[in-house]
Structure formats: structure tokens, C-alpha cells
Amino acid sequence: MTDIASHQGDTQVLAPAAGPPRPARAEAWSRRGPRRKARREFRPRRLVPGVLVAAVLAAAGILGVIQAASAALDHPLWNLPHRDFAGPLQDTHWDATATLAVAAAVAFIGLVLVLAGLIPGRPRAIPLASSDDSVVTGAPRRSLRRSLARLAEDVDGIDRARAKLRRRSIKVRATTRLRDTAGLRENVHTAVQDRLAALDPLWPPRVKVRIRRKAGG
Amino acid sequence: MTRHTARVSRAGLILTGLILFAGGGVALARSLDAFPAVLGRANVPLLSHAQVRYPTEHAWVWPVTAAAAAVIAVIALWWLAAQTRTNTVRRLTLEPDRTHGVTILPADAAIGAITDELESYPGIQRASAALQGAPAAPRLQLSVTAEDQADLAVLRTRIETEALAHLRASLELDTIPTVLRIRFSPAHHRRLA
């Protein structure tokens, strides 16, 4: 690996400048249909908060039925830990700190749930172009992030690398032990850019690379 | 796990959130003595003596409360079921012309065929698939794990023009709406740095 660096020509040849002919899907990203479809498909489903809230509501409803039926029949249907709610509610005033805190907490939880339902959220996958209109393709974020990091780590001289996916850009942070970091940034940039070109995302992101030199190299 | 369940989750969250936000907001306003003319004064107990005695003097209160709680429980359970339902197709109906009878194909067979084909492609390590929706017009969820070094342009063309075409042909469908997820994994023999 070390002598490749001395032969500039070799690295140029190895760079996959002219890959296999790419299928005609490049124009897909300019059309709105596939983009909207992909965005909708990979939007977070909010399944976890939804299931959680539904379960809490169901449990509260069932408990309410048991309690109210017990009170209606005037004997406990079920041996639930029972407490007298009427007493404390008669003793607590509206302007008490506890009332204020509980009311604020309930309103806050409500606001969080409304926002969770309304905010689209970060897509779970980066949408990729597809030549077939019935196919929505995506690369799940975490997997793509790790793959790009591995790719950057395979560049000669790079020790460790991490990739971050932003909305319109990909940030790669790499560390090296080399004293001379000339050209490293460009090499990492080219490697990541080439992989992205092969992936053909619907929104081509910009690639930003930062190289950090590790001390004691 | 379809778009329908995503809408159900979000709609339920918005509705529950609005109710909690409104209730909490009104209680907060009264607690802060914001609109004493409308909401009542703040320096009184949460429940008055008359309110505490009310259910014992009116027999209908507890049964109605129980019924309301039951309605909430049923709606919540329905919501829970709607969100966790996977909507998977188990058997596919093949013959579109019903006068000649219907052919029924287990979905597992179709899924096994396409995952086997995908896993035979060079560069693909694993593939999984699921058919969802109506048995006569299913949708396909496809997940593929490709090696880092795989030629993705070629792979995707093969998936779209070969594997999916074969599935369409075997199911006698003109189109199968597909969601394809491509994951990546390091190749078996990775070069050591």
C-alpha cells in the first residue's frame, strides 16, 4: 500500500472514474412524484409514542370502568389498591402549587403529543432514485452512515472516520496519524462522493470532510 | 406497518394531545386565576362539598361514568390494534377471472422465491421480503443487505428489471408497489488498515 502513494498514476487509474453505464434514472429526482412518495414512505411513523399512549389510555379506561362500576354497585368488583380521592381534592385549592404543577404537566404532555403528530420528523432513510415508478428505494440512515464511515476508513492514511447525515449535506470527520495530511481530504471526499454518485440519491447532498491529526503519530 | 397505520398513529396522538393540552390549559388558567368570571375563583378547593355529594344523591352518575370509561377503553384498544396490525398477506389469489375459479398461492412461496433470487446476486448478503395489503393487489416490502463494495447501480437495475419482474410474472400482476430498503455491511474479507 505504501508504494502506491509514490506512484501517482496508479491511484488515478484505480479511481472509478468511468464505471459501468448507469441506467436512465438520473432524471427521476427532478420530478415531484417520486420525491413526494419517498418522503411520505420514509417519514417516521410515530409508532412507539402512538402504541404507548394507546396502552396508557386503554389501561386508564379499564381502571375507570372498574372503579365507577364498583362505586355504582357499592361494593368493590376487584381488589384494587383503593384510595379516597374525594378527601384530598376537597383539601387542595385551585391556586395550590401542586394543582399548578399537575395542570402545567398535563398541558405540556398534550403539547408534546400534538407536536409528535404534526412534525414530519427526519426521514428514516435517504431516498434513492429508481427507474421504476412503482418502486420507492431508500438507504436507512444508520446503515448508510456506517457504510460511508467504513469507506472513509479504507482511504490510505485514515485511522478512524465518522459520518453524519444532515438534511442537505454529509459530514465526514476523519482522524489520521500521518504527519503530512496533504491530499487526504480530497481522497476521502472523492471516495464518499463516488459512492454517493453510485447510490444516486433523490436529493444529492453536499459532502464535507474534516481531517484531524492525531497526536503522537 | 403501512402508511395507513402511520396516519392512525399520528391522528390519535394529535387528538389525545389536543384534549390533554386543552384540559391542562384550562386547569392552569384557573389555577393562575386568569379568568375568574368564566372559570371561577382560584382560592377555593378543587371539589366543593356539593360536588362530592352529587354522585350519592344522583344514581345515574356512576353508571354513566363507567360507560364513558368503557368507551374510552374500547377506542384505545382499537387504536392499539390498528397500530400494531402488520397487514401481512398470507395467501395470494392468482386467477383474476373468477368464473374459472381462483388459484391460491401461499405468500411464503412467492417471498421465498424472490429472496432466494436476490441472495444469489453477487454483492447481496441477505434479503427479506413481506407482502402486505389486499391479497389481489399486494404491496411489497423488500429489504436487502448489500456489501460495501457491491456495484449498486448494477444491483439496483437487476433488482428492478429481474427480481421484481419475475415476482410480477409469477403473481400475474402488472405492478406491485414496492418499498426497497438497501442496507450495507462490510464485505467478508475486509482489507486490514
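This passage walks through a predicted model of chains A and B, from the domains of chain B to the contact between the chains, the sheet they share and some helix packing.

Chain B comes first. Its domain assignment splits the chain in two, with domain 1 covering 3-84 and domain 2 covering 91-185. Going by their C-alpha centres, domain 1 of chain B and domain 2 of chain B sit 47 Å apart.

Next up is the contact between the chains, which draws 68 residues from chain A and 66 residues from chain B. On the chain B side, at least two residues each come from α1 (3-31), α4 (61-84), α6 (152-171) and β5 (178-185). The most generous of the contributors is α1(B), which puts in 22 residues. As for character, the side of chain B that touches chain A breaks down into 39 nonpolar, 16 polar and 11 charged residues.

The strand β5(B) also turns up in a sheet built from both chains. Here 5 strands line up as β1(A)-β2(A)-β5(B)-β4(B)-β3(B), giving an open sheet with mixed pairing. At the edges are β1 (125-128) of chain A and β3 (124-134) of chain B, each of which pairs on one side only. From one strand to the next, the twist averages 25°.

The link across the chains is made by β2(A), residues 135-140, which pairs with β5(B) in the parallel sense over 4 bridges. Within that pairing, V136(A) is found opposite V179(B). Over in chain B, β3(B) and β4(B), the latter spanning residues 137-147, run antiparallel to each other and share 10 bridges. One residue pair to look at there is R126(B), whose bridge partner in β4(B) is T145(B).

The sheet has a helix from chain A lying on it too. Helix α3(A), residues 32-41, lies across β1 and β2 of chain A together with β5 of chain B, and runs at about 50° to β2(A).

Finally, there is a helix pair within chain A. Helix α7(A), residues 141-153, packs against helix α8(A), residues 184-199, at an angle of about 140°, and their axes are 9 Å apart. The two helices, α7(A) and α8(A), are therefore oblique to each other. Their crossing is right-handed. On the α7(A) side, the residues involved are L148(A), L151(A) and A152(A), and they meet V188(A), A191(A), V192(A) and R195(A) of α8(A). That contact comes out as 6 nonpolar residues, no polar ones and 1 charged.

Conventions. Residues are numbered from 1 along each chain as its sequence is written. Chains are lettered from A and ligands numbered from 1 in the order in which they are written. This is a predicted model: local features need pLDDT of at least 70, side-chain atom pairs count only at pLDDT 80 or more; totals for chains, interfaces and linings use all residues. Domain bounds come from an automatic or database domain assignment. Two residues are in contact if their C-beta atoms, placed from the backbone, lie within 7 Å. Ala, Val, Leu, Ile, Met, Phe, Trp, Tyr, Cys and Pro count as nonpolar, Asp, Glu, Lys and Arg as charged, and the others, Gly among them, as polar. Two strands pair if DSSP finds at least two bridges between them. Axes are lines fitted to C-alpha atoms, for helices over the stretch in contact, and angles run from 0 to 180 degrees between N-to-C directions. Angles under 35 degrees count as roughly parallel, over 145 as roughly antiparallel, 65 to 115 as roughly perpendicular and the rest as oblique. A crossing is left-handed if the near helix is turned anticlockwise from the far one by less than a right angle, and right-handed if clockwise.
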